Amino acid sequence: MIGAIIGDYVGSIYEWHNIKTTEFPFFSPTCRFTDDSVMSIAVADALMNSLDMAATLRAYGRRYLGAGYGGRFRAWLLDDTIPDYGSFGNGSAMRASAAGWMAGTLEEALELARQSAMPTHSHPEGIRGAQVVAGCIWLLRHGADKPTLRNWVISQGYALDFTIDEIRPVYKFDVTCQGSVPQAIEAFLEAEDFESAVRLGISIGGDSDTIACIAGALAEACWGIPEAFVEHVISKMPEVLYRPLAAFEAKYAKSLPARDDL
C-alpha cells in the first residue's frame with residue numbers, strides 16, 4: 001500500500017499545476033500527503049482492525065481537514081448525520097489499495113473494496129472504481145501478467161482503448177472513477193517499473209495525485225518499490241499516519257524501515 005502513498009506524495013504538487021511530461025523532479029520540497037494518503041490509511045486501519053468504516057474515515061479526515069477533500073466529502077466528514085451520498089468520484093478508488101493486499105481471494109478483495117466505498121461512494125461507478133483497483137492489486141500479487149490484467153479490467157467495463165501518448169495532449173481534470181481509473185491503469189500497463197508508472201500517470205495531467213496514487217499502488221504490487229523512495233517518503237510522514245501504515249505493511253506486505261525519531 002505504500003506505493004499508493006508515494007504516488008500521492010509525488011503527484012501532490014501537480015494536481016493544480018499539471019505537467020504534460022514525464023520529465024520532472026520525482027521528489028520536491030513542496031510535496032505533501034493529501035486526502036488520498038489519509039483515506040488510504042484510514043481504510044487500511046478500518047479493514048485490518050474490523051473498525052466501523054464510516055467512523056474511521058471521519059476520524060482520520062477530521063484530524064487532517066486541510067488534506068484537500070472535495071466539498072461534498074468534507075461536508076460528510078464534519079456531520080455525522082449525513083448519509084452516503086452516492087458519489088462516483090475517484091475518492092473510492094484512490095483509497096482502496098488495502099483491500100487488494102489483505103484479501104485471500106479475488107472475491108474477497110472485491111468485497112472489501114465495496115465495503116471501503118459504501119460510506120460515501122455507493123453509486124455503481126464508485127463501487128466499480130474501488131473494486132477494479134483492489135482487484136488489479138490482488139491479481140498482480142498473485143502473478144497475473146499485463147495482458148491478463150488488461151483483459152480483466154476490460155471485462156469489468158473499463159475500455160482501455162487508448163495510449164498515454166494519445167490522451168496526454170487532450171486529457172483534462174476528471175475526478176470521476178470512469179474518467180480517471182482507466183487512465184491510471186493504462187499508465188501502469190505502459191510502465192517498466194515503479195518510477196515510470198508514477199511518472200506516466202502524472203504526465204497526463206488532470207487529478208495528478210490520485211492518478212499517480214492508483215498507478216503507484218499497482219506498480220508496487222508488480223515490481224515493488226526502490227528502498228530509497230520508501231525511506232524518503234516515510235521520513236516525511238507524521239507519526240499518526242506512519243504507525244498504522246507501518247502496522248499494515250508489516251502484516252500484509254513488507255515491513256517499513258524503522259524511524260529513528262519514533
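Met-237 is found in the loop between α14 (227-235) and α15 (239-252), and in this predicted model that loop residue is a convenient place to begin. Met-237 is buried, because its relative accessible area is 3%, a value that falls under the 20% limit for burial. Apart from residues up to four places away in sequence, Met-237 touches Ile-5, Phe-33, Ile-41, Tyr-242, Leu-245 and Arg-259. Ala-221, by contrast, stands 16 residues from Met-237 in sequence and 22 Å from Met-237 in space, taken from C-alpha to C-alpha.

In soluble globular proteins, nonpolar side chains tend to be buried together. Here the largest nonpolar core has 103 residues, and Met-237 is listed among those with the most contacts inside that core, together with Ile-2, Ile-6, Ile-185, Leu-218 and Phe-248. Two of these residues, Ile-185 and Leu-218, lead on to the packing of the helices, since Ile-185 of α11 and Leu-218 of α13 both take part in the contact between those two helices.

Two packed helices are described by the angle between their axes and the distance between the axes. For α11 and helix α13 (residues 208-223), the angle is about 40° and the axes are 8 Å apart, which means that α11 is oblique to α13. The crossing of α11 past α13 is right-handed. On the α11 side the contact is formed by Val-181, Ala-184, Ile-185, Ala-187 and Phe-188, and these meet Ile-211, Ile-214, Ala-215, Leu-218, Ala-219, Cys-222 and Trp-223 in α13. Sorted by class, the contact of α11 with α13 has twelve nonpolar residues, no polar ones and no charged ones. Leu-218, when its neighbours within four places in sequence are left aside, is in contact with Ile-185 and Phe-188, and also with Val-133, Cys-136, Ile-137, Leu-140 and Leu-149.

Leu-149 belongs to α9, and it appears again where α9 contacts α11. The axes of helix α9 (residues 146-155) and helix α11 (residues 181-190) come within 11 Å and cross at roughly 165°, so α9 is roughly antiparallel to α11. This crossing of α9 and α11 is left-handed. Lys-146, Leu-149, Arg-150 and Val-153 of α9 make the contact with Ile-185, Glu-186, Phe-188, Leu-189 and Glu-190 of α11. By class, the contact of α9 with α11 comprises five nonpolar, no polar and four charged residues.

A further helix pair is formed by α3 and helix α4 (residues 71-78), which pack at an angle of about 105° with their axes 9 Å apart, and α3 and α4 are therefore roughly perpendicular to each other. In this pair, Ala-54, Leu-57, Arg-58, Gly-61 and Arg-62 of α3 meet Trp-76, Leu-77 and Leu-78 of α4. The residues of the contact of α3 with α4 divide into five nonpolar, one polar and two charged. In the loop between α2 (35-48) and α3 (53-63) lies Ser-50. Most residues other than glycine have a negative phi, whereas Ser-50, which is not a glycine, has a positive phi of about 55°. Ser-50 is exposed, with a relative accessible area of 68%.

Gly-11, finally, is found in helix α1 (residues 2-11) and is buried, with a relative accessible area of 0%. Gly-11 and Asp-207 are 196 residues apart along the chain, and their C-alpha atoms are separated by 8.7 Å. Leaving aside its neighbours within four places in sequence, Gly-11 is in contact with Ile-202, Ser-208 and Asp-209.

Note on methods: Residues numbered from 1 in each chain as written. Predicted model: local features only at pLDDT ≥ 70, side-chain atom pairs only at ≥ 80, totals over all residues. Heavy atoms only, no water. Axes fitted to C-alpha atoms, helices over the stretch in contact; angles between N-to-C directions. Helix = DSSP H or I, 4+ residues; strand = E, 2+ residues; numbered from the N terminus. Parallel < 35°, antiparallel > 145°, perpendicular 65-115°, else oblique. Left-handed = near helix turned anticlockwise from the far one by under 90°. Contact = heavy atoms within 4.5 Å. Nonpolar A, V, L, I, M, F, W, Y, C, P; charged D, E, K, R; others polar. Core = buried A, V, L, I, M, F, W, Y, C linked by side-chain atoms within 4.5 Å. Buried < 20%, exposed > 50% of the residue type's maximum accessible area, 1.4 Å probe, protein only.
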